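Colleague: I'm new to this one and would like a close look at a single part of it. Could you pick a spot, walk me through it, and then show me how it sits in the whole?

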Protein chains: 2
Amino acid sequence: MLEKVNSPADLKALSVADLQVLADDIRAVLIKKVNETGGHMGPNLGFLEATIALHTVFDSPRDKIVFDVSHQCYTHKILTGRKEYFLDPAKYEDISGFTNPHESEHDFFQVGHTSTGASLAYGLAKARDLKGEKYNVIAVVGDGSLTGGEALEALDNAAVLDSNMIVVVNDNGMSIAENHGGLYGNLKTLRDTDGKAQNNFFKTLGFDYVFVKDGNDLPALLAAFKSVKDSMRPVIVHLVTEKGHGLKQAVENKESFHWIMPHTLDAAQPAEMPANYTSDTVDYLLEKVKTDDKLIAVTAGTPGATGFSPDFRAKMGKHYLDVGICEPHAVAAISGMAKNGAHPVWCVLSSFIQRTYDQLSQDLALNSNPATILVFWGGISSMDATHMGSFDIPLISNIPNLVYLAPTTKAEYLKMLDWSIEQNEHPVVIRVPFASYEAGEPDTTDYSVLNKYQTVEAGDTVALIGAGDFFGLARQVKALLKKDGIDATLINPKFLTGLDAELLENLKKNHRLVATLENGVLDGGFGEKIARFYGTDAMKTLCFGANKEFTDRVPMDELMKRFHLTPEQIAADIKAAL
Amino acid sequence: MLEKVNSPADLKALSVADLQVLADDIRAVLIKKVNETGGHMGPNLGFLEATIALHTVFDSPRDKIVFDVSHQCYTHKILTGRKEYFLDPAKYEDISGFTNPHESEHDFFQVGHTSTGASLAYGLAKARDLKGEKYNVIAVVGDGSLTGGEALEALDNAAVLDSNMIVVVNDNGMSIAENHGGLYGNLKTLRDTDGKAQNNFFKTLGFDYVFVKDGNDLPALLAAFKSVKDSMRPVIVHLVTEKGHGLKQAVENKESFHWIMPHTLDAAQPAEMPANYTSDTVDYLLEKVKTDDKLIAVTAGTPGATGFSPDFRAKMGKHYLDVGICEPHAVAAISGMAKNGAHPVWCVLSSFIQRTYDQLSQDLALNSNPATILVFWGGISSMDATHMGSFDIPLISNIPNLVYLAPTTKAEYLKMLDWSIEQNEHPVVIRVPFASYEAGEPDTTDYSVLNKYQTVEAGDTVALIGAGDFFGLARQVKALLKKDGIDATLINPKFLTGLDAELLENLKKNHRLVATLENGVLDGGFGEKIARFYGTDAMKTLCFGANKEFTDRVPMDELMKRFHLTPEQIAADIKAAL
């Protein structure tokens, strides 16, 4: 049946039986493709029938469907002219895992962060009304995304739009992991009462409300969408779907099948992971909590990404907290916890700490409460543009009062982490290395002496300041320069939030050039502060890091070359500048 | 009665009649003091009785009261040992308008942005439970703050805390201006039904719920707070209060009496304001909308601060939108509007755009939708630390795809604004000048040619790059240097988001030093990019701007001296470096 369908228009002529065959076809394709390439298995299987029904009832792209976070957009892509990327293994990697307007007129936004879809859709609807146009605007939002403040703000506004706005709530009873928050009690009550409970979160905001008990049942979905099409009142269509529907392993292991590595279905046993910063963190916290009853490990809805497995959560007990996907609240909450004597450690991905600038500044830094934040996945990567980790240094390091640390080895990392938990003066952020893993020498640094850089190897002429996980790169550059007779000084700055003026002054005595290396965007970052410091001196400065640009699934080697970040390029640039 | 009260403990012995006399005393003091100094008149008068009742029933600081945004904390300050600052005119200016732990152990956080209180209080409660302690944690949140995502995230979490957490919702039916959003429909329903409506927003999240019909009635307040004291379930106490209670003018003019200028009650007529960038903006938008039916002026709950008066709103009609206090949604919504062909112009204060980093990056910049954002009050100021405008350049200018413009005159500003609205390529942010006002020469610049700086006066030896409203400062420095025989070049960069490499290269021919001047924090800002550019050249660079620090009500002249920003200091630094 999939052979016959090349666009949403082809769906209109199909019978419900044909659509069901189509769903089976697509399900087989998705399971095969996602198992080959990795990707969001559970959410896509769960929203498969609903997507077919949406494209059957509505008229995309005139009617505009906005997928929140777009973890669930694969079927949409298949139905809107992009099925070849799911059928042809040679083209598997040529398509984004998220909606992308560059791919299709049926995609309106490039998204990958949660809780934005209703807000973006609201904007489309508002412009439509301003222009006096008539069509449907549909936001598809998962229940897991509803804890995000941006989604709640959008619902509050959408409810009073006084025109067409359809919000499809894809309720599979799960976030990435289990759901947390009071709203989920209401969703459960609504599920348990077939949507008939008097007390209805969506109705309190003013929405009309339609309940679909089986959100994987095509006839029910078709009927529900037809009933709200062209509605001139904001309406919620609450679908109860099954995450991973139609794939036994995914249904039985909803959390681990939310996003899978390639060939997960093939492997008898998942390969044992070597030790890494994630496992080091988990091991440290489990050990620490034995003697620190004020410790509390916090996640904002992404426990798996930072190693907080179900086993870890169980062992931590009341010393573990998942606030749901709501990073702003997470920051304010850990500030409050630290103020009241607890030792919170919030683990978050670089890309998602972007959601908390104001909370970092106002709720945390201004109040100087001694909470700890661990930033994972910070640095240049080949990931999707929506998940880049290149911006956290400018984001965090220019806020007063925060201490942003950049360890280069496991030993340093754990020393910094332990210091941060034990001290009572500063909000501390630690950038967990991303590009490298090294055990390192025992670290006896007293981190309460702020902004003290470490000269690891003293030399002359050129000083290489390698921040965090680019320290190893600096070491490689030093080796290359050595071949040309330059005995470069190697410096580990450790602190991203301040300058070691004494050390930098001393470098002037027998150095002519200072090169900085940081794993992130140069603009607003660490190196520029060094360049400013030496502004009126004879000292030359060269800053190495990423360009200020969004990069989308560009291979790492290509990125490193583009940014002049191979050891050879860096050494050549330094020699040319001397 | 106020003479007898020096701490919350003194309230416990008072009769209700005595407390009522105390309320009258405090009301007279507040009206006199706030009229003298300016400040938040309406919110404080409205929450006066509730504050007395809170401190009578609860035992602060053991019980912990967190005031959201703390627009309503004056009575709290009077009751917790700080009445002299409200009674003695000589000490009026020695106290913050917001809660501040440096002032009192009864204040737990320094706050001034909305929607954070419940989240911070949740953190206190969570730490209390972790430590096995027993006391009450009370968050006081206004209805206007409930549209903010951080507040909604916090309520969602607080509702499932499974221990004591009391959220006092101070519902005066107003935000700073009128309320917007579906939630307010539910609050109205609850008011209309004496809290008995079946469909109850707070109950949907899982809160217990107590309704107080007259939130300015002491006996009712005392009874309500007593009924929830030591509750081991999260509970909402929904108070219906009157903003400005007890002051006729404030009750009748709730919006203009939210925050007043000094001597508002004395003046027969408000003084006519001279033309300024706010009035220019309003005039421009009212004229533009006559020919641009896609224009839409947007605010996120702060219309008055950017000149969107009731008269303006009425004239704009459907071309005006207040989304309520929810800046993240505002950014995503204008991105959606721009995507769908509207011309949104969002006006926001520098301090509050901090709430939107991720939305600027993901929802707007990554999608390159041509929305316009006008940033007001950006720059160094003597304001409270919670309202500083020094951080927007690092925040905004290091995000890819955004164009951040810094006009120096009215003519430039309106040319940039008009270009931004007419173009379809870029998300554009304009930093409305804050420190200066100048009409300027007619501007014929084509801003679609990005990152083109303007050499206003060509000279040699020293080049002064004065960004935005520090261009005037650069001109003053040039005059001083002239006295020493230095004919400095004067440059208006216009763009904060990119370098004019050609112009900067050309400066090398006959200049030895480039000085940058920007009205904001240096770290991560504009000047450091210039310093990096010249890193390997003989060109010296000096960056002038603010230090990376939170400053709290420090007089401007003191700040300018501290940051080496007087014309004389700058000229001296330049001469010393040459």
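Modeller: Sure, here is a walk from one residue, Leu45(B), out to the whole complex. Keep in mind that this is a predicted model. The predictor gives the complex an ipTM of 0.96 and a pTM of 0.97, and chain A has an average pLDDT of 96, with 99% of its residues scoring at least 70.

Let's start at Leu45(B), which you'll find in helix α2 of chain B, covering residues 41-46. Is Leu45(B) buried or exposed? It counts as buried, because 29 C-beta neighbours fall inside 10 Å and the cut-off for a buried residue is 20 or more. What does Leu45(B) touch, once we set aside neighbours within four places in sequence? Its contacts are Arg27(B) and Leu30(B), and then a run of partners at Gly244(B), His245(B), Gly246(B) and Leu247(B), plus Ala250(B). For a sense of distance, pick out Asn367(B): it is 322 residues away from Leu45(B) in sequence, and the two C-alpha atoms are 45 Å apart in space.

Now move along to Asp63(B), which sits in a loop of chain B, between α3 (48-57) and β1 (64-67). Asp63(B) comes out as partly exposed, because it has 19 other C-beta atoms within 10 Å, and a buried residue needs 20 or more. Apart from neighbours within four places in sequence, Asp63(B) is in contact with Phe58(B), Tyr135(B), Asn136(B) and Ile138(B). Asp557(B) is 494 residues from Asp63(B) along the chain, and their C-alpha atoms are separated by 41 Å.

One more stop in chain B is helix α21, residues 526-533. This helix is largely enclosed by the rest of the structure, since 8 of its 8 residues are buried. Charged names turn up among those buried residues, including Glu528(B), Lys529(B) and Arg532(B), and Phe526(B) and Phe533(B) are also among them.

Step back to chain A for the overall picture. Chain A contains 23 helices and 16 strands. Its radius of gyration is 26 Å, close to the 25 Å from the globule rule for 578 residues, so chain A is as compact as a globular protein of that length. Along its principal axes, the C-alpha trace spans about 80 × 55 × 50 Å. Of the 578 residues in chain A, 59% are buried. If you take the contacts in chain A with a separation of 6 or more, 78% of them join residues 24 or more positions apart.

Chain A splits into domain 1 (2-252), domain 2 (277-431) and domain 3 (454-577). The C-alpha centres of domain 1 and domain 2 of chain A are 32 Å apart, and their contact draws 20 residues from domain 1 and 14 residues from domain 2. On the domain 1 side, those residues are 4 nonpolar, 16 polar and no charged.

Finally, how do the two chains relate? A turn of 180 degrees with a shift of 0.0 Å along the axis lays chain A on chain B with an RMSD of 0.0 Å. That is the relation of a two-fold axis. The same surface serves both copies, with 100% of the contact residues of chain A recurring in chain B. The contact takes 94 residues from chain A and 94 residues from chain B. On the chain A side, the largest share, 11 residues, comes from helix α6 (residues 117-131). By class, that side has 38 nonpolar, 36 polar and 20 charged residues.

Note on methods:
Residues are numbered from 1 along each chain as its sequence is written. Chains are lettered from A and ligands numbered from 1 in the order in which they are written. This is a predicted model: local features need pLDDT of at least 70, side-chain atom pairs count only at pLDDT 80 or more; totals for chains, interfaces and linings use all residues. Copies are superposed by least squares on the C-alpha atoms of residues with pLDDT of at least 70 in both. Two residues are in contact if their C-beta atoms, placed from the backbone, lie within 7 Å. A residue is buried if 20 or more other C-beta atoms lie within 10 Å of its own, exposed if 12 or fewer, and partly exposed in between; C-beta atoms are placed from the backbone. Helices (H or I, at least four residues) and strands (E, at least two) are DSSP runs, numbered from the N terminus. Domain bounds come from an automatic or database domain assignment. The radius of gyration is taken over C-alpha atoms; the globule rule is 2.2 Å times the number of residues to the power 0.38. pLDDT is the predictor's confidence in each residue, from 0 to 100.
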